[in-house]
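Take a slow look at the chain before reading on. Then follow the text from the overall fold down to single residues.

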Amino acid sequence: MEKSKVDAIYMQYQDKIPQEQKLNFKRSLERADDSRYESLSMVKIHNPIVILILSIFLGGLGIDRFMLGDIGLGICKLLFGWITFGIWPLVDIYFAYKRAKELNVQNLLNALN
């Protein structure tokens, strides 16, 4: 892919993918052909900040996990999160944020292949 397209895509998604995956993502972009440029704009991307806010305010109800597609965890969190005296929803704030970024990089790399 052309360097200008690689830079544009990389800048667009750099805050939505994990730090440790950024180099791998950029290399995958450089190896991809130009026909993949348009398909990357249609990839479903979760905004990690929105997931973080949902996790803080509605995490006890499992809303953050439902938004990420983790239906089983969302139901478990909704039904059993209170048993842990709120510790599970509190700890899951970090993990939901991280999971959003991991899903984003997976979706983007799948679109490149």
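Start with charge. The chain carries 14 positive and 12 negative charges, and the mean positions of the two groups are 3 Å apart. Keep in mind that this is a predicted model.

Now step back to the overall fold. How many helices and strands does the chain have? There are 7 helices and 0 strands. Along the sequence, the pattern reads α-α-α-α-α-α-α. Along the principal axes, the C-alpha atoms fill a box of roughly 55 × 20 × 15 Å.

Next, ask which parts of the chain meet. Consider the contacts with a separation of 6 or more. Of these, 65% join residues 24 or more positions apart.

Turn to the surface. The chain exposes about 6800 Å², and 63% of this area comes from carbon and sulfur atoms. What share of the 113 residues is buried? The figure is 37%.

That leads to the interior. In soluble globular proteins, nonpolar side chains tend to be buried together. Here, the largest nonpolar core has 16 residues. Those with the most contacts inside this core are Ile9, Phe25, Leu29, Leu40, Leu108 and Leu112. Which helices each supply at least two of its residues? They are α1 (3-13), α2 (22-31) and α7 (87-112). The largest share, 5 residues, comes from α7. Apart from this core lies another, of 5 residues. Among its members are Ile51, Leu68, Ala100 and Leu103.

Go back to Ile9 and look at its neighbours. Leave out residues up to four places away in sequence. Ile9 then touches Met1, Phe25, Leu29, Tyr37 and Leu40. Three of these names should be familiar: Phe25, Leu29 and Leu40 are also among the residues with the most contacts inside the largest core.

Now find Ser28. This residue lies in helix α2. Is Ser28 buried or exposed? Ser28 counts as buried because its relative accessibility is 14%, and the cut-off for buried is under 20%. Not counting residues up to four places away in sequence, Ser28 touches Leu109 and Leu112. Leu112 is one of the residues with the most contacts in the largest core.

Move to the loop between α1 and α2, where Gln14 has its place. Gln14 has a relative accessible area of 26%, so this residue is partly exposed. How far apart are the C-alpha atoms of Gln14 and Lys26? They are separated by 9.5 Å, although the two residues are 12 residues apart along the chain.

Aromatic rings come next. A pair of aromatic rings is described by the distance of the centres and the angle of the planes. The count for this chain is 1 aromatic pair. Tyr94 and Phe95 form this pair, with 5.2 Å from centre to centre and 70° between the planes. Why is the pair called edge-to-face? The angle is 70°, and planes over 60 degrees apart count as edge-to-face, so the label fits. Both partners are partly exposed: Tyr94 has a relative accessible area of 49%, and Phe95 has a relative accessibility of 43%.

Finish with the backbone at Phe85. Most residues other than glycine have a negative phi. Phe85 has a positive phi, near 60°. Where is Phe85 found? Look in the loop between α6 (71-80) and α7. Phe85 is exposed because its relative accessible area is 77%, and exposed means over 50%.

Technical notes
Residues are numbered from 1 along each chain as its sequence is written. This is a predicted model: local features need pLDDT of at least 70, side-chain atom pairs count only at pLDDT 80 or more; totals for chains, interfaces and linings use all residues. Side-chain values use heavy atoms; hydrogens and water are left out. Helices (H or I, at least four residues) and strands (E, at least two) are DSSP runs, numbered from the N terminus. Buried means under 20% relative accessible area, exposed over 50%, partly exposed in between (1.4 Å probe, protein chains only). Contact means heavy atoms within 4.5 Å. Accessible areas come from the Shrake-Rupley method with a 1.4 Å probe; for residues, only the protein chains shown count as cover. Lys and Arg count as positive and Asp and Glu as negative; His and the chain ends are not counted. The place of a charge is taken as NZ of Lys, CZ of Arg, CG of Asp or CD of Glu. A nonpolar core is a set of buried Ala, Val, Leu, Ile, Met, Phe, Trp, Tyr and Cys residues joined through side-chain atoms within 4.5 Å. Rings of Phe, Tyr and Trp (its six-membered ring) pair if their centres lie within 6.5 Å; planes under 30 degrees apart count as stacked, over 60 as edge-to-face and the rest as tilted.
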